[in-house]
Amino acid sequence: MTTQLLEASPLWPATLDHIRYDSPDPSRLADFYASAIGMTKTPLGASEFLLEGLSRSIVIGAGAAGQPFSAFALVDGDHLRRYRAFLEGRGVALLPSPTALFGNDAFAVRDPDGRLAVFGTRARPRPQAAGDGAAARLPGELQHVVVASAGFPAMLEFYAETLGFMLSDTVHQDAPGAHEGEVNVCFLRASEIHHCFAVFRAPQSRADHHAYETTGWNDLKLWADHFGTLEIPIWWGPGRHGAGNNLFFMIKDPDGNNIEISAELETMKKGQPGRKWMGARRATNLWGEPWIRDTPATS
Ligand SMILES: [Fe+2]
């Protein structure tokens, strides 16, 4: 790992701004996010919706279920120009931005799994007031997105070496004796927040989950009560991840996408080395059952 390069990466600081889900029934999925996650639903085009709250944005479009892009916001136009030049200097093919939320200078790159990573700055400001729904005022910043990958080594190399995300914690396969197993999970950051993106090794490349970061433990109770009112069950947690040390629980949307409500995600300085976790059990849940991504998806 070229640590010196990563410490100098012009990507820093960047944050996850929004993601897109495609759905066979985009209107139903959009209605779910409006009521469950407290977002306003705005048509962007034919069968395309913007779901947005004070600190959370998702684009939902028509298509086979999937998560075709993740969009990361840089500080300003000068930052974006420097990062673009960095990628051009490394021979990375730059593609048109697929999102209407970023300005004209935004661009995308295609990762080894075929998903786009989009880089830009906000052209369309976030709402200035919370909507009317029951969840609209619940704190929850769209903070990280995670993918599962059948091409894990190439994905790790692309995001950490080529794009310049900084490696936080890694999870290694259990291995006998003192041997260190292969890396199975990587958590990557572009600011002091432990991760805004992560990749899990899995039999199939697919969306894994996205997360809303709240202000503390009490928010998890408020969100769980809200989901309880809507009869949306928690399927994993509450627990505390080892990697990132955050409190969490997860629900599913109608397409089977996993949604995480999180609190206390740790911070790491630029250049600070991450931890190595041996085996996924405690890395994924210090309190109880882990979620091991070693079986094909059922949803
Ligand atoms: Fe997460």
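## An exposed loop glutamine

Let's start with Q128, which sits in the loop between β8 (116-120) and β9. The model is a predicted one, and in it Q128 has a relative accessibility of 73%. The cut-off for exposed is over 50%, so Q128 counts as exposed.

The side chain of Q128 reaches the backbone oxygen of R126 at 3.0 Å. If you compare Q128 with F248, the two are 120 residues apart in sequence, and their C-alpha atoms are 27 Å apart in space.

## A buried strand glutamine

Now for another glutamine: is Q67 buried or exposed? Q67 is buried, because its relative accessible area is 4% and buried means under 20%. This residue belongs to strand β5 (residues 66-73).

The side chain of Q67 makes a polar contact of 3.0 Å with the side chain of S70. Leaving aside residues up to four places away in sequence, Q67 also touches I19, R20, Y21, R115, V145, V147 and A207.

## The iron site

Which protein residues act as donors to the iron ion? They are H144 and H209, each through NE2, and E260 through OE, at 2.0 to 2.1 Å from the ion. Along the sequence, these donor residues follow the spacing H-x64-H-x50-E. H144 is in strand β9 (residues 141-149) and E260 is in strand β16 (residues 258-263), so this pair ties together parts that lie 116 residues apart in sequence.

As for their surroundings, H144 and E260 are both buried.

Key: Residues numbered from 1 in each chain as written. Predicted model: local features only at pLDDT ≥ 70, side-chain atom pairs only at ≥ 80, totals over all residues. Heavy atoms only, no water. Donors = N, O, S within 2.8 Å, 3.2 Å for Na, K, Ca; no water. Helix = DSSP H or I, 4+ residues; strand = E, 2+ residues; numbered from the N terminus. Buried < 20%, exposed > 50% of the residue type's maximum accessible area, 1.4 Å probe, protein only. Polar contact = N/O pair within 3.5 Å; in protein donor to acceptor, adjacent residues only side chain to side chain. Contact = heavy atoms within 4.5 Å.
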